[in-house]
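Student: Could you show me how to read a protein model, taking one feature at a time?
Tutor: Gladly; please ask about each feature as we come to it.

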Amino acid sequence: MNKWKELLIHQSYTILDAMKVLDRIGLQIVIVVDADQRLQGIITDGDIRRAILKGVDLSESVMEVMNRNPIVLKHGADPRTINRRLKEKNLRHVPVLDENNRIIDLKLSEGSLNRKIYDNLIVLMAGGLGTRLRPLTDEIPKPLLKVGEKPILETIIQNFYEYGFRNFAISVNYKKELIKHHFGDGSDFGVSITYLEEDKRLGTAGALSLITEKSTMPMIVMNGDLLTKVNFEQLLYFHGENNSQATICVREYEYQVPYGVIKTRNQQLIAIEEKPIERYFVNAGIYVLNPTVLEMIPPNTFFDMPELFERLIKENEDALVYPVREYWMDIGRLADYEQANAEYRSLFL
């Protein structure tokens, strides 16, 4: 591992600084050290996403979110011991320290540096009417609208391809013949594509009842009108690492109340907060589902994803939340479409 020195960050760094290093190096870990390169802790992509869910300010010190007691190895450890430790703990990387607790190497699990090819099914929901984008969608389905001279759906498939995914199913309804003509069986794009053909609108989850392919692996489901730089490989790893039955991606959404908000206790005025900013997590339209979850979806019936997750909650199944911190754009309105076109070149080329 020749890049390990690029993963070192000083303990004075902010969480935002750590995020930039994570994204630049792409190994899903940064190593926090003091001025003498003594190990203080490690931060993974998962640590940062959990901090976002807790509302931690990204300008806070990395000390707020780092793992202060990571599993480490001492210099001179037998290679068999290293591999055994990685497999036993399902670790991707382990810091190696000298006798003074200074970081001198980082051992990676087999395959960490190589792009893995995944057989997991990717389901893209492309059957919507695109009503809010009319007149652009009068003659063409929304997933085929071009952003940066390329259809939205083509960019989505290309992004998944870059993370090693090759197996796709596209849910189609409105002007489905145009989508099927453009993508065919996927061979021109280096992937395999099948189609879930709706004879009526089935909602954002109902089309999953049309899947006939049996699998034991989790599938990723995504709306076909999203442009995002989400690390799909990391998303799948998060889902498996936490033994989730279903994982929903969320985005942080802010809304500023345009008035002074009055707080009372019975009839007594206790405070006035001027134009407060409310923060929420909202559905990002990307999901990971275990195959058994499909049994909860009624066949050939309009059924949306929120209904599916409500059933999971009601039945006490493990449903987790994965915060999206990367670029994300839901192209639902003309203003969104124009913004995506303006941003495309700097993000996707």
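Student: Does R333 count as buried, partly exposed or exposed, and what is its relative accessibility?
Tutor: Please keep in mind that this model is predicted. A residue counts as buried under 20% relative accessible area and as exposed over 50%, with partly exposed in between. At 46% relative accessibility, R333 therefore counts as partly exposed.

Student: Which residue does the side chain of R333 meet in a salt bridge?
Tutor: The general idea is that side chains of opposite charge can pair when their charged atoms come close. In this model the partner of R333 is D336, with 3.0 Å from N to O. D336, with a relative accessible area of 9%, is buried, whereas R333 is partly exposed.

Student: Which residues are joined into one network by salt bridges that share partners?
Tutor: The network is made of D45, R49, R325 and E326. One of the salt bridges to look at is that between the side chains of R325 and D45, where N and O are 2.8 Å apart. This pair links distant parts of the chain, since R325 is in the loop between strand 18 and strand 19 (328–330) while D45 is in helix 2 (residues 45–53), and the two are 280 residues apart. Both R325 and D45 are buried.

Student: How many salt bridges are there by this rule, and where do E197 and K176 lie?
Tutor: The count comes to 13 salt bridges. E197 and K176 form a salt bridge at 3.0 Å, N to O. This pair too links distant parts of the chain, with E197 in strand 11 (residues 192–197) and K176 in helix 5 (residues 176–183), 21 residues apart. E197 has a relative accessible area of 37% and is partly exposed, and K176, at 26%, is partly exposed as well.

Student: In what order do the 3 strands of the open sheet lie?
Tutor: Strands of a sheet pair through backbone hydrogen bonds, either parallel or antiparallel. Here the order is 4-5-6, and the pairing is mixed. Strand 4 (73–74) and strand 6 (103–108) are the edge strands, each of them pairing on one side only. Strand 4 and strand 5 are parallel over 2 bridges, whereas strand 5 (residues 93–97) and strand 6 are antiparallel over 5 bridges.

Student: Which residues are bridge partners of L73 and L97?
Tutor: L73 has V96 in strand 5 as its bridge partner, and L97 has I103 in strand 6. Further along, P95 stands opposite L106 in strand 6. Strand 5 and strand 6 form a hairpin with 5 residues between them, and in the turn N101 has a positive phi of about 70°.

Student: Which residues of strand 5 are on each of its two faces?
Tutor: In a regular strand the side chains alternate between the two faces of the sheet. In strand 5, H93, P95 and L97 are on one side and V94 and V96 on the other, and all of them are buried, so that both faces are covered. Put as a count, 5 of the 5 residues of strand 5 are buried.

Student: How many aromatic pairs are there, and are the rings of Y118 and F165 stacked or edge-to-face?
Tutor: By the rule used, the count comes to 8 aromatic pairs. The ring centres of Y118 and F165 are 4.8 Å apart and their planes are at 20°, so this pair is stacked. Because Y118 lies in strand 7 (residues 118–126) and F165 in strand 10 (residues 165–172), the pair ties together parts that are 47 residues apart in sequence. Both Y118 and F165 are buried. By contrast, F160 and F168 are edge-to-face, with 6.0 Å from centre to centre and 80° between the planes. F160 is buried at a relative accessible area of 0%, and F168 is likewise buried at 0%. Ring pairs link Y118, F160, Y163, F165, F168 and F232 into a cluster.

Student: Over which ring does the charged end of R166 sit?
Tutor: The charged end of R166 sits over the ring of Y161, 3.6 Å from the ring centre. In another such case, the charged end of K180 sits over the ring of Y195, 5.7 Å from its centre.

Definitions and conventions. Residues are numbered from 1 along each chain as its sequence is written. Side-chain values use heavy atoms; hydrogens and water are left out. Rings of Phe, Tyr and Trp (its six-membered ring) pair if their centres lie within 6.5 Å; planes under 30 degrees apart count as stacked, over 60 as edge-to-face and the rest as tilted. Helices (H or I, at least four residues) and strands (E, at least two) are DSSP runs, numbered from the N terminus. Buried means under 20% relative accessible area, exposed over 50%, partly exposed in between (1.4 Å probe, protein chains only). A charge sits over a ring if NZ of Lys or CZ of Arg is within 6 Å of the ring centre and within 35 degrees of the ring normal. Two strands pair if DSSP finds at least two bridges between them. A salt bridge is a side-chain nitrogen of Lys or Arg within 4 Å of a carboxyl oxygen of Asp or Glu.
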